[in-house]
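Trainee: Could you take me through one part of this model in detail? I would like to look at how its helices pack around a core.

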Amino acid sequence: MTETHHDPEQPLISHLVELRQRLLHSVFLILVIFLGLFYFANDLYEWLSAPLTALLPEGTSMIATDVTSPFFAPFKLTLVAAVFLAIPFLLHQAWAFISPGLYKHEKRLAVPLLLSSILLFYLGVAFAYFVVFPLIFGFFTSTGPENVAMMTDISSYLNFVLKLFFAFGIVFEIPIATLLMVWSGITDVKSLASKRAYVIVGCFVVGMLLTPPDMISQSLLAVPMWLLFEVGLVMARFTGRRPESEPEADMDS
C-alpha cells in the first residue's frame, strides 16, 4: 500500500495560479476596451474638456506646452477610461477570488455592498463632471485679469480633472464606509452622531487637501462629504449592527 504525501504548498500555488489568471483576464479586458476606444481618443478629450472650453473667451483655446502632449494626453485619458469602464468586471474578478473564503451571511451582505460601491463611485464622477466642473471653471474663467488670456495646457487640465474624478468617486463611498464601521462593531450610530462637529471640520480639511486651493472647490467636496456621512448614519440606524448568528460551519467548503 503506497503512502499518499500531501504537499502543503499546493493550495497556495493553486491560489496564485488562479490569481494570475484573473489578473490576466482583467488586463486583457482593459486592453480590448482601450483598443476599441483609442480611435475616439481625441473625441473623448473634447468631451472631457467641454466644461472648460465652453467658458473660454472667444478666440482662445487650450494649448499644448509639450510637443508630445497632443498624443499622450488623449492616450492617457483613453487608458483611464478603459479602466473606468472595466471596474465592474475587475470587482467581479476580485469577488470571485475571495468569495470561496467567506461565510454565507458575509456573501449576502457583500454583493449589495459591492454593487452600491460601484454605483456610488460612478455617481461621484458624474457629480464632478456635471455639477462641480461648470461651477469651478465658471469661477476661474471669470475672475482673471482682463489683460490675461486663459489658455490651459491639455496635460495640466487632464491631471486636474482626473484628480477631482478620483476624489469625488472616493468621497461618494462614505455611506458604505459608515455602514461597515457600524456593522463591524468599530463604533455605533450614537457615537458617530456625537462627533458630527469633528466630522464636518474633517470634511473641509480633506476638501482642502484633495482639491485646488479655492473655497469653491473645497466646499463642493466638503459639503457632499458631510451629507453623505449623514446618509450613512440614516442607513446604519435602519439596519443596525450586523447579526453574527451563523457559525463557522456555514462557510462554503
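Which residues touch the most other members of the largest nonpolar core?

Mentor: Happy to help! This is a predicted model, where local features need pLDDT of at least 70, side-chain atom pairs count only at pLDDT 80 or more, and totals for chains, interfaces and linings use all residues. Residues are numbered from 1 along each chain as its sequence is written, and side-chain values use heavy atoms, without hydrogens and water.

In the largest nonpolar core, which has 46 residues, Tyr45, Phe133, Tyr157, Leu158 and Phe165 touch the most other members. Such a core is a set of buried Ala, Val, Leu, Ile, Met, Phe, Trp, Tyr and Cys residues joined through side-chain atoms within 4.5 Å, buried being under 20% relative accessible area with a 1.4 Å probe, protein chains only. Among the elements giving two or more residues to this core are H2 (41-53), H3 and H5; helices are DSSP runs (H or I) of at least four residues, numbered from the N terminus.

Now H2 and H5: their axes, lines fitted to C-alpha atoms over the stretch in contact, are 11 Å apart at an angle of about 85°. The two helices are therefore roughly perpendicular, a label for 65 to 115 degrees on a scale from 0 to 180 degrees between N-to-C directions. Contact means heavy atoms within 4.5 Å, and here Tyr45, Leu48, Ser49, Pro51 and Leu52 of H2 meet Ile154, Ser155, Tyr157, Leu158, Val161 and Phe165 of H5.

Finally, leaving aside neighbours within four places in sequence, Phe133 contacts Pro51, Ala128, Gly138, Val161, Leu164 and Phe165.

Note on methods. Buried means under 20% relative accessible area, exposed over 50%, partly exposed in between (1.4 Å probe, protein chains only). Angles under 35 degrees count as roughly parallel, over 145 as roughly antiparallel, 65 to 115 as roughly perpendicular and the rest as oblique.
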